[in-house]
Amino acid sequence: MNVVILSLALWSLTTALPEEKALLTEPPLVPPAITRTTPARVKVELEVIEKVMQLADGVDYTFWTFGGTVPGRFIRVREGDTVEFWLENHPNNKLPHNIDLHAVTGPGGGAASTFTAPGHKSRFTFQALNPGLYIYHCATAPVGMHIANGMYGMIYVQPRTPLPKVDREYYVVQGDFYTDADFGQKGLQPFSMKRAIDERPSYVVFNGSAMSLVGDRALKAKVGETVRLFVGNGGPNLVSSFHVIGEIFDHVYPEGGSKAQDNVQTTLIPAGGSAIVEFKLNTDGTYILVDHSIFRTFNKGSLGMLKVEGPGRKDIYSGKELDDVYLGDESVATSIKATPATTPLSGIKPDGKALFLANCSMCHQAEGQGVPGAFPPLAKSDYLANISNKKRGDLVEFVLRGKTGKVVVNGNEYNGVMTPVAGLDDEKLATVLTWVSNAWGNSAPAFTTDEVKKLREALPEVKATPNGHE
Ligand SMILES: [Cu+2]
């Protein structure tokens with residue numbers, strides 16, 4: 001009897017709540033802060049749309065989305081709200097879908113209650129008990145595939161006492177994508193289950209595309225403003241080392257929780273997790289959002305931009321003030337004398353290949369093949385053949401003093417900096433030069449220790465540098 005009265009009372013309480021419809025936003029936008037100070041019954045309508053969009057420049061992919069974007073629409077409710085959640089599956093879609101919101105207390109986070117066939121809609125209701133920033137995602141089998149195709153987004157349960165006001169809030173979610181072809185292959189790229197299982201993504205991007213936050217789609221702010229980023233990681237597999245190049249996070253709410261940590265450079269965001277980061281923009285420029293697992297940024301797309309207009313603050317960051325010649329100790333005259341061997345190989349009988357691998361291969365590569373545009377090849381290098389046959393002193397000089405300025409190797413121009421190689425005595429230098437001049441099909445007379453000694457002693461002393469340094 002008492003139970004009945006109590007539940008009737010609860011029922012009338014909840015139905016008495018003021019009703020409103022949630023305003024959902026596309027990334028990178030965030031709905032405005034909620035200003036009411038009492039709970040409401042909030043209606044959320046989220047539509048699942050399967051559609052082809054760009055994964056990178058010229059690369060198309062069939063995404064499955066919550067609201068037509070990756071990540072899906074941003075949902076903002078307030079701690080203590082009752083959320084009436086509608087999931088709509090567009091009639092043109094091919095698959096059933098559902099949703100698991102990490103902000104939900106209850107089995108499956110809503111998954112079983114929202115399982116919805118194309119052309120249908122489902123409803124369930126939950127109370128937002130815990131404040132914080134939460135991922136939501138599809139949980140229809142095969143779950144990994146639905147997530148890998150872009151079915152994730154975020155819901156922010158704003159705490160009863162809201163976070164301090166900031167000038168701008170943005171919404172960024174990282175995700176890894178799996179196609180048969182590697183990054184950049186043009187055209188429509190199908191999902192690869194094999195690569196997903198192997199956790200070998202071809203793309204790691206912010207907001208569903210390598211292009212989503214660059215150029216005129218970059219995030220924007222002005223000097224002096226404060227920015228809050230609601231950052232998530234949809235996964236399905238990778239963990240993100242989220243970093244903004246050139247900024248320090250003044251505050252981070254790790255894992256989207258309630259306690260802030262101050263002065264953070266890089267914050268770890270688990271798959272299916274989040275972080276709230278805040279910082280003030282002290283000076284102007286372009287700040288780069290990255291996953292600091294950095295090959296993902298430069299080779300798989302996890303790069304976004306925040307463009308800050310200014311008046312810049314030269315007292316905080318000057319810009320380049322000087323570019324001058326610097327010759328470290330190793331390159332001045334004294335080092336042209338035989339130096340004691342200091343490589344890890346000291347004490348070992350000189351071995352040309354080992355010396356090459358320890359001293360040259362980090363730039364010229366293990367097979368002497370070089371790196372196009374950066375490091376010229378030594379394998380079958382016409383330039384090397386010429387000097388190791390005729391201008392043998394030049395080769396000794398390159399290694400001991402370094403080499404800058406234009407060189408043309410096999411018809412390709414290079415204009416880089418070869419730094420001096422330290423720690424080679426005459427014997428080791430002779431050994432490595434002989435080896436390099438005869439490896440990979442190269443062929444030139446051997447360098448003897450005596451010859452190298454003479455060539456080294458014949459090198460002109462290094463004079464004071466052109467800019468008048470001592
Ligand atoms: Cu789905």
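Between which two strands is the place of glutamate 255? Glutamate 255 sits in the loop between strand 16 (249-253) and strand 17 (261-264). Helices (H or I, at least four residues) and strands (E, at least two) are DSSP runs, numbered from the N terminus.

This is a predicted model, in which local features need pLDDT of at least 70, side-chain atom pairs count only at pLDDT 80 or more, and totals for chains, interfaces and linings use all residues. Residues are numbered from 1 along each chain as its sequence is written, and side-chain values use heavy atoms, with hydrogens and water left out.

## Backbone exceptions

Most residues other than glycine have a negative phi, and most peptide bonds are trans. The table lists exceptions.

| Residue or bond | Backbone value | Loop |
|---|---|---|
| Val70 to Pro71 | cis, omega near -5 degrees | Pro71: between strand 3 (59-66) and strand 4 (75-78) |
| Ala141 to Pro142 | cis, omega about -10 degrees | Pro142: between strand 8 (132-137) and helix 2 (143-148) |
| Glu255 | positive phi, near 60 degrees | between strand 16 (249-253) and strand 17 (261-264) |
| Gln365 | positive phi, about 75 degrees | between helix 6 (361-364) and helix 7 (382-389) |

Glutamate 255 is exposed, with a relative accessible area of 58%. Glutamine 365 counts as partly exposed, at 25% relative accessibility. Here buried means under 20% relative accessible area, exposed over 50%, and partly exposed in between (1.4 Å probe, protein chains only).

## Copper site

Four protein donors hold positions around the copper ion: His97 (ND1), Cys138 (SG), His146 (ND1) and Met151 (SD). They lie 2.0 to 2.5 Å from the ion. Donors are N, O and S atoms within 2.8 Å of the metal (3.2 Å for Na, K and Ca); water is not among the atoms, so sites may look incomplete. The donor residues follow the spacing H-x40-C-x7-H-x4-M in sequence.

Why is the arrangement irregular? The 4 donor atoms subtend angles of 88 to 136 degrees around the copper ion, which makes it so. Four donors count as tetrahedral if all angles lie between 85 and 135 degrees; four count as square planar and six as octahedral if opposite donors are over 155 degrees apart and all others between 65 and 115; anything else is irregular. Two of the donor residues have computed burial values. Cysteine 138 is buried, with a relative accessible area of 0%. Histidine 146 is buried too, with a relative accessible area of 2%.

## Strand contacts

Valine 52 belongs to strand 2 (residues 41-56). Valine 52 is partly exposed, at 47% relative accessibility. Its C-alpha atom is separated by 5.8 Å from that of phenylalanine 63, 11 residues apart along the chain. Not counting residues up to four places away in sequence, valine 52 touches Asp60, Tyr61, Thr62 and Leu188. Contact means heavy atoms within 4.5 Å.

Arginine 123 is in strand 7 (residues 120-127). Arginine 123 and phenylalanine 85 are 38 residues apart in sequence, yet 5.5 Å apart in space, C-alpha to C-alpha. Leaving aside neighbours within four places in sequence, arginine 123 is in contact with Glu84, Phe85, Trp86 and Ser113.

## Helix faces

Helix 10 (residues 449-458) has the buried residues Val452, Leu455 and Arg456. Seen down the helix axis, they fall within an arc of 100 degrees, so they line one face of helix 10. The arc is that of the directions from the helix axis to the C-beta atoms. These buried residues pack against helix 8 (392-401) and helix 9 (426-436). The face turned away from the buried side carries the exposed residues Asp450, Lys454, Glu457 and Ala458.

In helix 5, the buried residues are Gly352, Leu355, Phe356 and Asn359. They also fall within an arc of 100 degrees down the axis, so they line one face of helix 5. Helix 6 and helix 9 are among the elements that cover them.

## Largest pocket

The largest pocket holds about 590 Å³ of space. Of its 32 lining residues, the closest to the centre are His364, Pro376, Leu378, Phe398 and Met418. Elements giving two or more residues to the lining include helix 5 (352-359), strand 23 (407-409) and strand 25 (417-418). On a 1 Å grid over the protein atoms alone, a pocket is an open set of points where a 1.4 Å probe fits, with protein on both sides within 12 Å along at least five of seven lines; lining residues have an atom within 4 Å of a point. Grid points are joined across faces, edges and corners, and a volume is the space filled by probe spheres set on the points.
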